Amino acid sequence: TWHLKKIPQIVRERTFSLDSPKFEAKTKLELNSVCGIECQRKLPVPSLSDLKDLLSYETVFENGTRTLTEVNVLGVVLDPAGNTTTRRSLRKKRQIYGTDSRFSIYDKRFMTNFPFNTAVKVSTGCSGILISPKHVLTAAHCLHNGKDYVKGSKRLRVGLMKTKSRGNGRKRKGTSDGTPSFQWTRVKSTHIPKGWFKGVSGDIALDYDYAVLELKRPHKRKYMELGISPAIKMMPGSMIHFSGFDNDRSGQLVYRFCSISDESNDLFYQYCDAEPGSTGSGIYLRLKEPNKKKWKRKIIAVYSGHQWVDINGEQQDYNVAVRITPLKYAQICFWIHGNDANCTQG
């Protein structure tokens, strides 16, 4: 069952104008030398002052202007246990772990219907998911490398799936009915937490690898709601699901599900088969609504991608997702609504 939780408040304090970004960084869909599982266990609990700094955020607008918004955090309960993990055994494998268990979605009845129609393509080469009539959730590193915005984010666009039409009743050469094409929409503004920026976050940057894009025009599709990420033991079979546009299956929507191997307060470590291009996908699961017999899907994490980390002098890899914690729920909800009144429970 989805459990209702009281959400901390993110309150805007001050907004400053900043110089326009250079937009010169290269897009990098695979990250190296991030804080891994062993490193996460040793991290201290962020103080309230740290959280205010990490959850302050930059907004970049379509015309290239940029602002920094400082926030206050109210009603947060700090966990004295620190950033512990469940200490499950991990396998040293590649992005495709054993037999490739991904499914390409060809049937337009599935592709254009919920939940698959919530998956979108971001023009920098990543995926994302619709979280409101005007907002998309994706990974921060699809837009910013920690020091500067990537080149392609200056004229950022989001592609919503549509199936190719035959046109005059005939099938066009080289196309198939089940191949998605995209209706591209310009992005009006982008929000990224300061926790993602180098110099602010230190070793915990990966915890803040998420961003929200506001579209210039609203869409009329069903979107997926946010949910607060439960612990592994509260998930049916520890299973998660997500769909994205993997680079090795060009022009296809690719769906997968798998179990989570390990967790920290802010991250899931898992072995879902994935390739670059699916980075930024919304990870969801299905639980019963409180006091109802209906099941409901909600986004509980953002797929950050395949990570290489140095553990005891040895390179180890795994796939990582950033969990939607109560604080991140509060921040993303604030970005969507512009106030905290609609974000008291999640």
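This tour moves through a predicted model, from a surface patch to two buried residues.

Begin at the surface by selecting Val 45, Leu 48 and Leu 78, which together make a nonpolar patch of about 210 Å². Staying with Leu 78, follow the backbone on either side of this residue, and you will find that Leu 78 sits in the loop between strand E4 (66-74) and strand E5 (103-105). Leu 78 has a relative accessible area of 38% and is therefore classed as partly exposed, since that class covers values between the 20% limit for buried and the 50% limit for exposed.

Next, select strand E1 (residues 9-18) and pick out Ile 10 within that strand. Ile 10 counts as buried because its relative accessibility is 1%. If you display the contacts of Ile 10, leaving aside residues up to four places away in sequence, you will see Leu 55, Val 71, Asn 72, Val 73, Leu 327, Ala 330, Gln 331, Phe 334 and Asp 340. One of these, Phe 334, is 324 residues from Ile 10 along the chain, yet their C-alpha atoms are separated by 7.1 Å.

From Ile 10, step across to its contact Leu 327, which lies in helix H4 (residues 326-337). Leu 327 has a relative accessible area of 14% and is therefore buried. Beyond four places in sequence, the residues that Leu 327 touches are Pro 8, Ile 10, Leu 51, Leu 55, Val 73 and Val 76. Finish by drawing the distance between the C-alpha atoms of Leu 327 and Pro 8, which are separated by 6.2 Å although the two residues are 319 apart along the chain.

How values were computed: Residues are numbered from 1 along each chain as its sequence is written. This is a predicted model: local features need pLDDT of at least 70, side-chain atom pairs count only at pLDDT 80 or more; totals for chains, interfaces and linings use all residues. Side-chain values use heavy atoms; hydrogens and water are left out. Patches are made of residues with over 30% relative accessible area and no salt bridge: like charges are joined within 9 Å, nonpolar side chains (Val, Leu, Ile, Met, Phe, Trp, Tyr) within 5 Å. Accessible areas come from the Shrake-Rupley method with a 1.4 Å probe; for residues, only the protein chains shown count as cover. A salt bridge is a side-chain nitrogen of Lys or Arg within 4 Å of a carboxyl oxygen of Asp or Glu. Helices (H or I, at least four residues) and strands (E, at least two) are DSSP runs, numbered from the N terminus. Buried means under 20% relative accessible area, exposed over 50%, partly exposed in between (1.4 Å probe, protein chains only). Contact means heavy atoms within 4.5 Å.
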